[in-house]
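Thanks, everyone, for making the time this morning. I would like to walk through one model with you, beginning with its charged pairs, then turning to its helices, and ending with a few individual residues.

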Amino acid sequence: MNHVNLLAKDAELSYFPGFIPAAEASRLLQHLTRQLAWRQDSIQLFGQQRMIPRLQCFQGDAGLAYRYSRLTLMAEPWDPSVEQLRNRLMDLGHDFNCVLINLYRDGNDSMGWHSDDEPELGTNPVIASLSLGQTRQFKMRHKQTGEKLDITLEHGSLLLMSGPTQHHWQHAIMRSKRPMSERINLTFRSIPA
Ligand SMILES: O=C(O)CCC(=O)C(=O)O
């Protein structure tokens, strides 16, 4: 499969443009936007309860729970089209049992700086991040050196993050004042049952 390995200190990053062909990616975007049980949760930030600036949905094998920022998400059953994506990722040799799906409605929606380093993901987790819709910049910064890296996440692309990436780097999707349409990002993960 056509991909590039992005060179960055203390990181393992592979980018697959067109992992999902454009027409199929557009159908998926439309289907997921309409059909998923989207929720806007609130998290505690600096002692205050705040609505997160995006919609989300957590799916996975029965009984799985995902915790971040003192929020617990219980896995919704797999949408068949999402499960099919999971199976396609297995063909690359990776096994995932859940996915956090984010819907960025426009440029006002964003994701703050963080690492996917929750203890249940284990050390050196493999995270498969699939993007549909509006192209957005995936910002990365090295926790120790402050080194920066911007990755343009295109419609239908896959970014695989592995090795020590989550240990050394944070990532974010910034708000933008430019007019932007919807984007869905699916981050497939594996957590113990
Ligand atoms: O939307 C993205 O590309 C990033 C998503 C993300 O950082 C996450 O789900 O942890």
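Let me begin with a definition: I will speak of a salt bridge when a side-chain nitrogen of Lys or Arg lies within 4 Å of a carboxyl oxygen of Asp or Glu. Please keep in mind throughout that what you see is a predicted model.

With that cut-off in hand, consider Lys143 and Asp117, whose closest N and O atoms are 3.7 Å apart, and which therefore form a salt bridge. Lys143 sits in the loop between β11 (136–142) and β12 (148–153), whereas Asp117 belongs to the loop between β9 (111–114) and β10 (127–133), so this pair ties together parts that are 26 residues apart in sequence. Both partners are partly exposed, Lys143 with a relative accessibility of 37% and Asp117 with a relative accessible area of 44%.

How many salt bridges does a search of the whole structure find? The search returns nine, and I will pick out two others. One of them joins Lys9 to Asp10, with 3.9 Å between the closest N and O atoms; here Lys9 is partly exposed at 44% relative accessible area, and Asp10 is partly exposed at 28%.

The other joins Glu83 to Arg86, where the closest N and O atoms are 3.4 Å apart. These two residues lie three residues apart in helix α2 (residues 80–90), and are thus separated by about one helical turn. As a reminder, an α-helix has 3.6 residues a turn, so residues three or four places apart point the same way. The surroundings of the two partners are worth stating separately, for Glu83 is partly exposed, with a relative accessible area of 30%, while Arg86 is buried, with a value of 8%. Asp61 also enters the picture, since Asp61, Glu83 and Arg86 are linked in a network of salt bridges.

That brings me to the helices, and I will stay with α2 for a moment. Which residues of α2 are buried? They are Val82, Leu85, Arg86 and Leu89, and, when one looks down the axis of α2, these buried residues fall within an arc of 100 degrees, so they line one face of the helix. The face turned away from that buried side carries Pro80 and Gln84, which are exposed. Among the elements that cover the buried residues of α2 are α1, β5 (55–60), β8, β10, β13 (158–162) and β15.

Helix α1 (residues 22–35) can be checked by a simple calculation: at 1.5 Å a residue, its 14 residues should span 20 Å, and its end C-alpha atoms are indeed 20 Å apart, which agrees. Its buried residues are Ala25, Leu28, Leu29, Leu32 and Thr33, and, seen down the axis of α1, they fall within an arc of 125 degrees, so that they line one face of this helix as well. Arg27, Arg34 and Gln35 are exposed on the other side of α1. The buried residues of α1 pack against α2, β8 (98–104), β10 and β15 (183–189).

How, then, do the two helices meet? The axes of α1 and α2 come within 11 Å of each other and cross at roughly 135 degrees, which makes α1 oblique to α2. On the α1 side the contact is made by Glu24, Leu28, His31 and Leu32, and on the α2 side by Ser81, Val82, Leu85 and Arg88.

I will finish with three individual residues. Arg141 is placed in strand β11 and, at 31% relative accessibility, counts as partly exposed. If we leave aside its neighbours within four places in sequence, Arg141 is in contact with Trp113, Glu147, Lys148, His168, Trp169 and Gln170.

The last two concern the backbone. Most residues other than glycine have a negative phi. Asp10, which we met earlier as a salt-bridge partner of Lys9, has a positive phi of about 60 degrees although it is not a glycine, and it lies in the loop between β1 (4–6) and β2 (12–16). Phe46 likewise has a positive phi, near 50 degrees, and its place is in the loop between β3 (42–45) and β4 (48–51). Is Phe46 buried or exposed? At 77% relative accessibility, Phe46 counts as exposed.

Definitions and conventions: Residues are numbered from 1 along each chain as its sequence is written. This is a predicted model: local features need pLDDT of at least 70, side-chain atom pairs count only at pLDDT 80 or more; totals for chains, interfaces and linings use all residues. Side-chain values use heavy atoms; hydrogens and water are left out. Buried means under 20% relative accessible area, exposed over 50%, partly exposed in between (1.4 Å probe, protein chains only). Helices (H or I, at least four residues) and strands (E, at least two) are DSSP runs, numbered from the N terminus. The expected span of a helix is 1.5 Å times one less than its number of residues. The arc is that of the directions from the helix axis to the C-beta atoms. Contact means heavy atoms within 4.5 Å. Axes are lines fitted to C-alpha atoms, for helices over the stretch in contact, and angles run from 0 to 180 degrees between N-to-C directions. Angles under 35 degrees count as roughly parallel, over 145 as roughly antiparallel, 65 to 115 as roughly perpendicular and the rest as oblique.
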